[in-house]
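This report describes one protein chain for a reader who is new to structural work. Please keep the sequence and the model in view while reading.

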Amino acid sequence: MKIFFFFLLSMLFSLSTQAQCAMCRAALESEEGGVQAEAVNDGIVYLMAIPYILVGVLGYAIYRLKYGKKK
C-alpha cells in the first residue's frame, strides 16, 4: 500500500530537468540553420516509435495465434 501512495505522489510532483548530452548540445547550439536540430528531433522520434511498433506487431501476432484459427 505504501508503494502505491509513493507512485501516486511521485506522479503529482515533477522536477524540471534538462537531459541532453554535451555533444548534442554543442552541435545544436553551433549551427544557425536549424537543419541539424530537425535531424536530431527526427532521430528521437524514430527511436521512440520503433519499440511501440515492435510491441504492436508482437501483440497482433499473439492475438492471431490465440484467436485466429478457431473453427
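## Glu 38 and its surroundings

Glu 38 is a residue of helix 3. The model discussed here is a predicted one. Is Glu 38 buried or exposed? Glu 38 has a relative accessible area of 55%, and because the exposed class begins over 50%, Glu 38 counts as exposed.

Leu 28 stands 10 residues from Glu 38 along the chain. In space, the C-alpha atoms of Glu 38 and Leu 28 are separated by 9.5 Å.

## Overall architecture

The protein contains 3 helices and 0 strands. Its pattern, read along the sequence, is therefore written α-α-α. Helix 1 covers residues 2-12, helix 2 covers residues 22-30, and helix 3 covers residues 35-67.

## Confidence in the model

The average pLDDT of the protein is 80, and 82% of the residues score at least 70. Where is confidence lowest, and where is it highest? The lowest value belongs to helix 2, with a mean of 73, whereas the highest belongs to helix 3, at 89.

## Surface and exposure

How many of the residues count as buried? Of the 71 residues of the protein, the share is 0%. The accessible surface amounts to about 7,300 Å², and carbon and sulfur atoms account for 69% of that surface.

One nonpolar patch on the surface measures about 840 Å². Met 1, Phe 4, Phe 5, Leu 8, Leu 9, Leu 12 and Phe 13 make up this patch. Phe 5, one of these residues, is located in helix 1.

## Aromatic pairs

The protein has 3 aromatic pairs. One of them joins Phe 4 and Phe 5, with ring centres 5.6 Å apart and planes at 65 degrees. Why is this pair called edge-to-face? The angle of 65 degrees lies over the limit of 60 degrees, so the pair receives that name. Phe 4 is exposed, at a relative accessible area of 53%, while Phe 5 is partly exposed, at 41%. Both residues also belong to the nonpolar patch described above.

Another pair is formed by Tyr 63 and Tyr 67. The centres of these two rings lie 5.3 Å apart, and their planes are 50 degrees from each other. This pair is classed as tilted because its angle is neither under 30 degrees nor over 60. Which helix holds Tyr 63 and Tyr 67? Both lie in helix 3, and they are 4 residues apart, about one turn of the helix.

The two tyrosines are also described by their exposure. Tyr 63 is partly exposed, with 48% relative accessibility, and Tyr 67 is partly exposed, with a relative accessible area of 45%. Helix 3, which contains both tyrosines, also holds Glu 38.

Terms used
Residues numbered from 1 in each chain as written. Predicted model: local features only at pLDDT ≥ 70, side-chain atom pairs only at ≥ 80, totals over all residues. Heavy atoms only, no water. Patch = residues over 30% accessible without salt bridge, like charges linked within 9 Å, V, L, I, M, F, W, Y side chains within 5 Å. Areas by Shrake-Rupley, 256 points an atom, 1.4 Å probe, with all protein chains shown as cover. Salt bridge = Lys/Arg side-chain N within 4 Å of Asp/Glu carboxyl O. Helix = DSSP H or I, 4+ residues; strand = E, 2+ residues; numbered from the N terminus. Buried < 20%, exposed > 50% of the residue type's maximum accessible area, 1.4 Å probe, protein only. Phe/Tyr/Trp six-rings, centres within 6.5 Å; stacked < 30°, edge-to-face > 60°. pLDDT = per-residue confidence, 0-100.
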